[in-house]
Amino acid sequence: MAKKPAPPSSPTLLEAAARRSHLGSQATPPLADRMRPQSLEEVVGQKQLLREGKLLRDVIQKDRVPSLILWGPPGSGKTTLANVMSQLTRAEFVRFSAVLGGLPELREILAAARERRAYQGKSTILFVDEIHRFNKGQQDAFLPHVEDGSITLIGATTENPSFSVNAAVLSRCRVFRLEALEAADLEQLLARALADRERGLGNLELQAEPKALAAIAHAARGDARRALGMLETASTMLQQGGTLDMSIVEAAAESRTLLYDKSGEEHDNAASPLIKSMRVSDPDAALYWLLRMLDAGEDPLFLLRRLMIFASEDVGNADPRALQVATSADAAFRRMGMPEGIYPLAHACLYLASCPKSAAVKAAIGAARAAIEQHGALPTPLKLRNAVTKLMKQEGYGDGYKYPPDFENSVVPGESYLPEALEGSRFYEPTQQGLEQASGERLARLRGSRS
């Protein structure tokens, strides 16, 4: 008996988009691949590397690219830059994936490059995507071919090459660090994709509310591929000439967290309770608001900055280790990235929320600044000035200064180190919180010894 044919499957979102696009029913690559820049002028972001006068732009334009490593987060443009190089170079440009390929395939590529150089006099640029996926022993395969000029190696990695690339290979490469794309760069890219009739979605003649494009750019977290993928998904939910608004973006993302506005009220509405929860020593609430902001697409570096500020402003000397924890979390995050970087972030947040609090540092800054504003730039007492020249010594610079280590407990009785008009002023008043209580008691004894 003949087998009954299976019913046709429903088209995927991307397939549906393709059927409505200018390509009709033909198979089409994802929007992110179609919109990949073909020239330096089309590349958005990375101005620190690509503006006029910068080395990377210069060597690409002059087709004099050295062996190099492109290091940056996903979607920052590593493969895009390699693609631009392939368009501009006269060398043979060969792509290789360290994820999909193995050493046998790589050896064939390297052998062909050596023959090409020997018999055709033509150089080869080998682009190795995800080069960190090769262990350091496997990476040795590149070394002799880079040294003898058979290949120019371009490696792309999301991991710190200091730890993920063989030291011998790394020493023969320039490292260029790419940053996550700014929201403004992503919005520019999204607008270009909506307008482009040849490679983008221009034939759909869609309109887009600025707020909707901003939400996509924000949710993409610096990743161009993610931003274009979200736009493509959203476009499948619209008819020809439709309008992309927040409701479409939310439906496409299946999440309302896109309503979170990183620079507006919702940003402040989440950042404020995070700080207040830590200040009141409620680690549960603090962790909730931290994760809510992260899940909504907040920049983790903003959160780390706020934690470091909190460590000094709200904890201060009640627990001097708090600043060490916060700065260590910042350093660890920059090494790890996401998603693992959430651990040092949460670690620091919970520590800061749980430790004793003191605003004495903040109060001392305010009091000292108030004195400066009230009295202006008072002259430095002569005894505190260094007599670095003979004339200064003759003018009395340094006269009467007493060297503290010559006295018991390094305290000089009766001495003041403030300008005369401010003698006896107290700016820093330690609290009874945490470790500040002990340091405050010691400071009181020292102040009493000097009086």
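Leaving aside neighbours within four places in sequence, S277 is in contact with D282, A285, A286 and W289, where contact means heavy atoms within 4.5 Å. The model is a predicted one, in which local features need pLDDT of at least 70 and side-chain atom pairs count only at pLDDT 80 or more, while totals for chains, interfaces and linings use all residues. Residues are numbered from 1 along each chain as its sequence is written, and side-chain values use heavy atoms, with hydrogens and water left out.

S277 belongs to helix α15, which covers residues 265–279. Helices (H or I, at least four residues) and strands (E, at least two) are DSSP runs, numbered from the N terminus. S277 counts as buried because its relative accessibility is 8%. Buried means under 20% relative accessible area, exposed means over 50%, and partly exposed lies in between, with a 1.4 Å probe and protein chains only. The side chain of S277 also reaches the backbone oxygen of P273, at 2.6 Å.

Helix α15 also contains R279, which forms a salt bridge with D314; the closest N and O atoms of this pair are 2.7 Å apart. A salt bridge is a side-chain nitrogen of Lys or Arg within 4 Å of a carboxyl oxygen of Asp or Glu. Because R279 lies in helix α15 and D314 in helix α17 (residues 300–315), the pair ties together parts that are 35 residues apart in sequence. R279 is partly exposed, with a relative accessible area of 40%, whereas D314 is buried, at 9% relative accessibility. Elsewhere, E41, E52 and R57 are joined into one network by salt bridges that share partners.

In total, the structure holds 17 salt bridges. One of them is formed by D148 and R114, with the closest N and O atoms 2.5 Å apart. This pair links distant parts of the chain, 34 residues apart: D148 is in the loop between α8 (143–147) and β4 (151–157), and R114 is in helix α6 (residues 103–120). D148 is partly exposed at 28% relative accessibility, and R114 is partly exposed with a relative accessible area of 40%. A salt bridge also joins R172 to E147, the closest N and O atoms being 2.6 Å apart. R172 is placed in the loop between α10 (167–170) and β5 (174–177) and E147 in helix α8, so this salt bridge ties together parts 25 residues apart in sequence. The relative accessibility of R172 is 35%, which means that R172 counts as partly exposed.

Over the whole chain there are 22 helices and seven strands. Buried residues make up 42% of the 451 residues. Of the contacts between residues at least 6 apart in sequence, 71% join residues at least 24 apart. The chain exposes about 24600 Å², and carbon and sulfur atoms supply 52% of this area. Accessible areas come from the Shrake-Rupley method with a 1.4 Å probe; for residues, only the protein chains shown count as cover.

Helix α11 (residues 183–195) has 13 residues, which at 1.5 Å a residue should span 18 Å; the end C-alpha atoms are 18 Å apart, in agreement. The expected span of a helix is 1.5 Å times one less than its number of residues. Within α11, the buried residues are D185, L186, L189, L190, A193 and L194. An α-helix has 3.6 residues a turn, so residues three or four places apart point the same way. The buried residues of α11 pack against α2 (31–34), α3 (47–50), β6 (207–208), α12 (210–219) and α13 (224–235). In helix α14 (residues 246–253), M246, I248, V249 and E250 are buried. The cover over the buried residues of α14 includes α12, α13 and β7 (243–244).

On the surface, Y401, Y403 and Y417 make a nonpolar patch of about 330 Å². Patches are made of residues with over 30% relative accessible area and no salt bridge; like charges are joined within 9 Å, and nonpolar side chains (Val, Leu, Ile, Met, Phe, Trp, Tyr) within 5 Å. Y401 is found in the loop between α21 (390–394) and α22 (434–450), and is partly exposed, with a relative accessible area of 42%. A370, in helix α20 (residues 360–375), is partly exposed with a relative accessible area of 40%. A370 and F427 are 57 residues apart in sequence, and their C-alpha atoms are 9.7 Å apart in space.

Notes. A polar contact is a pair of N or O atoms within 3.5 Å; within protein, one must be able to donate a hydrogen and the other to accept it, and residues adjacent in sequence count only if both atoms are side-chain atoms.
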